[in-house]
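Visitor: I would ask for a close look at one part of this model, beginning at the start of the chain and following the sheet from there. Please set out how that part is built and how its surroundings are arranged.

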Amino acid sequence: MLTPWTALVDDRLPAIGAVATATALHRRLVSLAAIDRSPGLWSQDGGSSLLRAALFTVRGDDASLLVAPGIVAIGIHVRAHRWIADVHDGAHLVEGGGEMGLFAADDVDLACPECGHLVVMGGEESAYLEEALSVWTEGSETAPLVCPACGGWTPLPHWHSPGNGFACGELAVTLWGAHLRELIDPAPDTPARLLRTALGDAQGRFAVVFGRG
(Lines give C-alpha, C1' and ligand atoms only; values in the text may rest on other atoms or scores of the structure.)
Protein backbone atom coordinates (compact mmCIF):
# COMPACT_ATOMS: atom_id res chain seq x y z
CA MET A 1 0.00 0.00 0.00
CA LEU A 2 1.29 3.46 -0.88
CA THR A 3 1.99 5.90 1.93
CA PRO A 4 0.12 9.22 2.04
CA TRP A 5 2.32 12.30 2.13
CA THR A 6 1.83 16.02 2.49
CA ALA A 7 4.25 18.37 0.75
CA LEU A 8 5.06 21.99 1.52
CA VAL A 9 6.65 23.37 -1.66
CA ASP A 10 8.53 26.66 -1.80
CA ASP A 11 7.56 27.79 -5.29
CA ARG A 12 9.33 31.16 -5.07
CA LEU A 13 12.80 30.32 -3.75
CA PRO A 14 15.50 30.66 -6.44
CA ALA A 15 17.80 27.73 -7.06
CA ILE A 16 20.82 29.64 -5.75
CA GLY A 17 19.37 29.64 -2.22
CA ALA A 18 17.88 26.15 -2.05
CA VAL A 19 20.88 24.18 -0.76
CA ALA A 20 21.68 26.61 2.06
CA THR A 21 18.03 26.80 3.11
CA ALA A 22 17.62 23.01 3.12
CA THR A 23 20.86 22.53 5.05
CA ALA A 24 19.76 25.02 7.70
CA LEU A 25 16.39 23.28 8.03
CA HIS A 26 18.06 19.89 8.41
CA ARG A 27 20.36 21.16 11.14
CA ARG A 28 17.51 22.85 12.98
CA LEU A 29 15.31 19.73 12.97
CA VAL A 30 18.26 17.61 14.11
CA SER A 31 19.02 20.07 16.92
CA LEU A 32 15.39 19.81 18.01
CA ALA A 33 15.71 16.01 18.08
CA ALA A 34 12.82 15.90 15.61
CA ILE A 35 14.53 13.72 12.97
CA ASP A 36 17.45 11.33 12.66
CA ARG A 37 20.71 12.95 11.56
CA SER A 38 21.19 10.75 8.49
CA PRO A 39 18.72 9.96 5.69
CA GLY A 40 17.53 6.48 4.91
CA LEU A 41 15.23 4.82 2.44
CA TRP A 42 12.28 4.63 4.80
CA SER A 43 10.22 1.72 3.54
CA GLN A 44 8.10 0.46 6.40
CA ASP A 45 5.29 -0.38 4.02
CA GLY A 46 7.46 -1.59 1.16
CA GLY A 47 6.53 1.33 -1.09
CA SER A 48 8.94 2.89 -3.54
CA SER A 49 9.33 6.44 -4.76
CA LEU A 50 12.15 8.75 -5.80
CA LEU A 51 10.98 11.06 -3.03
CA ARG A 52 11.89 8.46 -0.40
CA ALA A 53 15.62 8.95 -0.96
CA ALA A 54 15.44 12.24 0.96
CA LEU A 55 13.58 10.92 4.01
CA PHE A 56 14.68 11.31 7.62
CA THR A 57 12.90 9.23 10.26
CA VAL A 58 10.86 11.27 12.75
CA ARG A 59 11.98 10.76 16.33
CA GLY A 60 8.70 12.02 17.73
CA ASP A 61 9.88 14.04 20.75
CA ASP A 62 9.67 17.52 19.25
CA ALA A 63 6.63 19.45 20.51
CA SER A 64 6.19 21.28 17.20
CA LEU A 65 5.45 17.98 15.48
CA LEU A 66 2.81 16.72 17.91
CA VAL A 67 0.13 18.24 15.67
CA ALA A 68 0.86 15.37 13.30
CA PRO A 69 1.21 12.16 15.33
CA GLY A 70 0.86 10.00 12.23
CA ILE A 71 3.97 11.40 10.56
CA VAL A 72 6.76 8.82 10.47
CA ALA A 73 9.32 10.49 8.20
CA ILE A 74 10.19 13.91 6.86
CA GLY A 75 11.73 14.56 3.46
CA ILE A 76 13.82 17.63 2.66
CA HIS A 77 14.05 17.98 -1.10
CA VAL A 78 16.27 20.16 -3.30
CA ARG A 79 15.95 19.87 -7.06
CA ALA A 80 18.92 18.18 -8.77
CA HIS A 81 20.56 17.34 -5.42
CA ARG A 82 20.68 14.36 -3.09
CA TRP A 83 21.57 13.77 0.54
CA ILE A 84 24.56 11.66 1.53
CA ALA A 85 25.46 10.68 5.07
CA ASP A 86 28.58 12.06 6.74
CA VAL A 87 30.17 11.70 10.17
CA HIS A 88 30.15 15.39 11.04
CA ASP A 89 26.69 16.83 10.30
CA GLY A 90 24.84 13.57 9.73
CA ALA A 91 24.14 14.43 6.10
CA HIS A 92 24.88 16.99 3.43
CA LEU A 93 23.65 17.77 -0.07
CA VAL A 94 25.55 17.09 -3.27
CA GLU A 95 24.62 17.63 -6.88
CA GLY A 96 22.92 14.80 -8.75
CA GLY A 97 20.18 12.33 -8.00
CA GLY A 98 16.60 12.01 -9.13
CA GLU A 99 15.01 15.01 -7.41
CA MET A 100 13.04 16.92 -10.04
CA GLY A 101 11.25 19.44 -7.84
CA LEU A 102 7.86 18.04 -8.88
CA PHE A 103 5.19 17.02 -6.37
CA ALA A 104 1.98 15.64 -7.77
CA ALA A 105 -1.06 13.54 -6.95
CA ASP A 106 -2.80 11.26 -9.40
CA ASP A 107 -5.14 14.10 -10.40
CA VAL A 108 -3.37 17.30 -11.42
CA ASP A 109 -5.20 20.58 -11.91
CA LEU A 110 -3.67 24.02 -12.30
CA ALA A 111 -5.28 27.46 -12.38
CA CYS A 112 -3.81 30.32 -14.39
CA PRO A 113 -2.59 33.06 -12.01
CA GLU A 114 -3.69 35.69 -14.53
CA CYS A 115 -7.26 34.68 -15.40
CA GLY A 116 -8.03 31.62 -13.26
CA HIS A 117 -8.54 29.28 -16.22
CA LEU A 118 -8.17 25.64 -15.15
CA VAL A 119 -5.89 23.21 -16.97
CA VAL A 120 -6.24 19.52 -16.06
CA MET A 121 -3.64 16.87 -16.83
CA GLY A 122 -5.16 14.43 -19.27
CA GLY A 123 -7.73 16.97 -20.43
CA GLU A 124 -8.08 18.57 -23.83
CA GLU A 125 -5.55 21.30 -22.98
CA SER A 126 -3.00 19.17 -21.15
CA ALA A 127 -0.49 19.56 -24.01
CA TYR A 128 0.25 23.05 -22.70
CA LEU A 129 1.07 21.63 -19.28
CA GLU A 130 3.08 18.74 -20.69
CA GLU A 131 5.25 21.16 -22.66
CA ALA A 132 5.98 23.25 -19.56
CA LEU A 133 6.78 20.14 -17.55
CA SER A 134 9.22 19.02 -20.23
CA VAL A 135 11.04 22.35 -20.04
CA TRP A 136 11.09 22.21 -16.21
CA THR A 137 12.60 18.73 -16.15
CA GLU A 138 15.38 19.96 -18.44
CA GLY A 139 16.48 22.34 -15.68
CA SER A 140 14.61 25.56 -16.35
CA GLU A 141 13.81 27.65 -13.26
CA THR A 142 10.75 29.21 -14.90
CA ALA A 143 9.31 26.81 -17.52
CA PRO A 144 6.57 29.20 -18.69
CA LEU A 145 3.14 27.63 -19.03
CA VAL A 146 1.02 29.27 -21.72
CA CYS A 147 -2.58 29.74 -20.65
CA PRO A 148 -4.86 28.44 -23.43
CA ALA A 149 -7.53 30.94 -22.38
CA CYS A 150 -5.78 34.30 -21.94
CA GLY A 151 -2.49 33.55 -23.69
CA GLY A 152 -0.41 34.67 -20.72
CA TRP A 153 3.05 33.21 -20.19
CA THR A 154 3.56 32.51 -16.48
CA PRO A 155 6.30 30.41 -14.83
CA LEU A 156 5.02 26.93 -14.02
CA PRO A 157 5.79 27.28 -10.27
CA HIS A 158 3.40 30.26 -10.10
CA TRP A 159 0.36 28.24 -11.21
CA HIS A 160 -1.85 27.18 -8.29
CA SER A 161 -3.56 23.81 -7.88
CA PRO A 162 -7.09 24.31 -6.47
CA GLY A 163 -7.25 20.62 -5.60
CA ASN A 164 -3.81 20.61 -3.94
CA GLY A 165 -2.66 18.09 -6.51
CA PHE A 166 0.49 19.72 -7.87
CA ALA A 167 3.33 22.13 -7.14
CA CYS A 168 6.91 22.51 -8.27
CA GLY A 169 9.87 24.35 -6.80
CA GLU A 170 13.53 24.22 -5.92
CA LEU A 171 12.86 23.27 -2.27
CA ALA A 172 10.17 21.24 -0.56
CA VAL A 173 9.43 19.37 2.64
CA THR A 174 7.35 16.19 2.64
CA LEU A 175 5.58 14.74 5.68
CA TRP A 176 4.99 11.01 5.32
CA GLY A 177 2.10 9.18 6.95
CA ALA A 178 -0.93 11.46 6.55
CA HIS A 179 -2.66 14.10 4.48
CA LEU A 180 -2.49 17.10 6.82
CA ARG A 181 -5.31 19.24 5.46
CA GLU A 182 -5.08 21.54 8.46
CA LEU A 183 -1.90 22.93 6.89
CA ILE A 184 -3.97 24.71 4.24
CA ASP A 185 -4.21 28.38 5.28
CA PRO A 186 -3.98 27.76 9.04
CA ALA A 187 -4.97 30.55 11.40
CA PRO A 188 -2.23 32.36 13.37
CA ASP A 189 -0.98 30.70 16.55
CA THR A 190 -2.57 27.34 15.72
CA PRO A 191 -0.58 24.09 15.91
CA ALA A 192 -0.71 23.78 12.12
CA ARG A 193 0.73 27.28 11.67
CA LEU A 194 3.47 26.51 14.20
CA LEU A 195 4.29 23.34 12.29
CA ARG A 196 4.61 25.23 9.02
CA THR A 197 6.93 27.70 10.74
CA ALA A 198 9.04 24.88 12.20
CA LEU A 199 9.46 23.51 8.69
CA GLY A 200 10.75 26.79 7.27
CA ASP A 201 7.47 28.34 6.12
CA ALA A 202 7.19 31.20 8.60
CA GLN A 203 5.20 33.33 6.13
CA GLY A 204 2.73 30.55 5.32
CA ARG A 205 3.23 30.91 1.57
CA PHE A 206 4.39 27.41 0.57
CA ALA A 207 2.09 25.44 -1.72
CA VAL A 208 0.47 22.37 -0.13
CA VAL A 209 0.20 19.11 -2.08
CA PHE A 210 -1.29 15.76 -1.07
CA GLY A 211 -0.04 12.58 -2.69
CA ARG A 212 0.95 8.96 -2.18
CA GLY A 213 4.20 7.17 -2.85
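Guide: Thr3 lies in the segment that precedes strand β1, in a model that is predicted. Its relative accessible area is 6%, and Thr3 therefore falls below the 20% limit and counts as buried. The side chain of Thr3 makes a polar contact of 3.3 Å with the side chain of Arg52.

The strand that follows, β1, comprises residues 4-10, and 7 of its 7 residues are buried, so β1 is largely enclosed by the rest of the structure. In a regular strand, side chains alternate between the two faces of the sheet. In β1, Pro4, Thr6, Leu8 and Asp10 point one way, whereas Trp5, Ala7 and Val9 point the other way; all of these residues are buried.

Two strands pair with β1. It is joined to β13 by 6 bridges, and the two run antiparallel; in this pairing Trp5 stands opposite Gly211. β1 is also joined to β12 by 6 bridges, again with antiparallel direction, and there the bridge partner of Trp5 is Trp176. Trp5 thus has a partner in β13, Gly211, and a partner in β12, Trp176.

These pairings belong to an open sheet of 5 strands, ordered β2-β3-β12-β1-β13, with antiparallel pairing. At its edges stand β2 (55-57) and β13 (207-212); each has a single partner strand, so one side of each is left without a neighbour in the sheet. From one strand to the next, the twist averages 25°.

On the other side of β12 in the strand order comes β3. Strand β3 (residues 73-78) and strand β12 (residues 171-176) run antiparallel and are joined by 6 bridges, with Gly75 opposite Thr174. Helix α1 (residues 18-31) packs on the sheet and touches β2, β3 and β12; the direction of α1 makes about 160° with that of β3.

A second helix, α2, may be considered next. It has 12 residues (126-137), which at 1.5 Å a residue should span 16 Å; the C-alpha atoms at its ends are 16 Å apart, which agrees. The buried residues of α2 are Ser126, Leu129, Ala132, Leu133 and Trp136. These residues cover an arc of only 120° around the axis, which puts them on the same side of α2. An α-helix has 3.6 residues a turn, so residues three or four places apart point the same way. The buried residues of α2 pack against β6 (102-104), β7 (109-111), β8 (118-120), β9 (144-146) and β11 (166-168). After α2 comes Gly139, which has a positive phi, near 115°.

Strand β11 also bounds the loop that holds Ser161, the other end of that loop being β10 (153-155). Ser161 has 3% relative accessibility and so counts as buried. Leaving aside residues up to four places away in sequence, Ser161 touches Asp109, Leu110 and Phe166. The side chain of Ser161 also reaches the backbone nitrogen of Phe166, at 3.5 Å.

Key: Residues numbered from 1 in each chain as written. Predicted model: local features only at pLDDT ≥ 70, side-chain atom pairs only at ≥ 80, totals over all residues. Heavy atoms only, no water. Pairing = 2+ DSSP bridges. Helix = DSSP H or I, 4+ residues; strand = E, 2+ residues; numbered from the N terminus. Axes fitted to C-alpha atoms, helices over the stretch in contact; angles between N-to-C directions. Contact = heavy atoms within 4.5 Å. Buried < 20%, exposed > 50% of the residue type's maximum accessible area, 1.4 Å probe, protein only. Expected span 1.5 Å × (residues − 1). Arc of directions from axis to C-beta. Polar contact = N/O pair within 3.5 Å; in protein donor to acceptor, adjacent residues only side chain to side chain.
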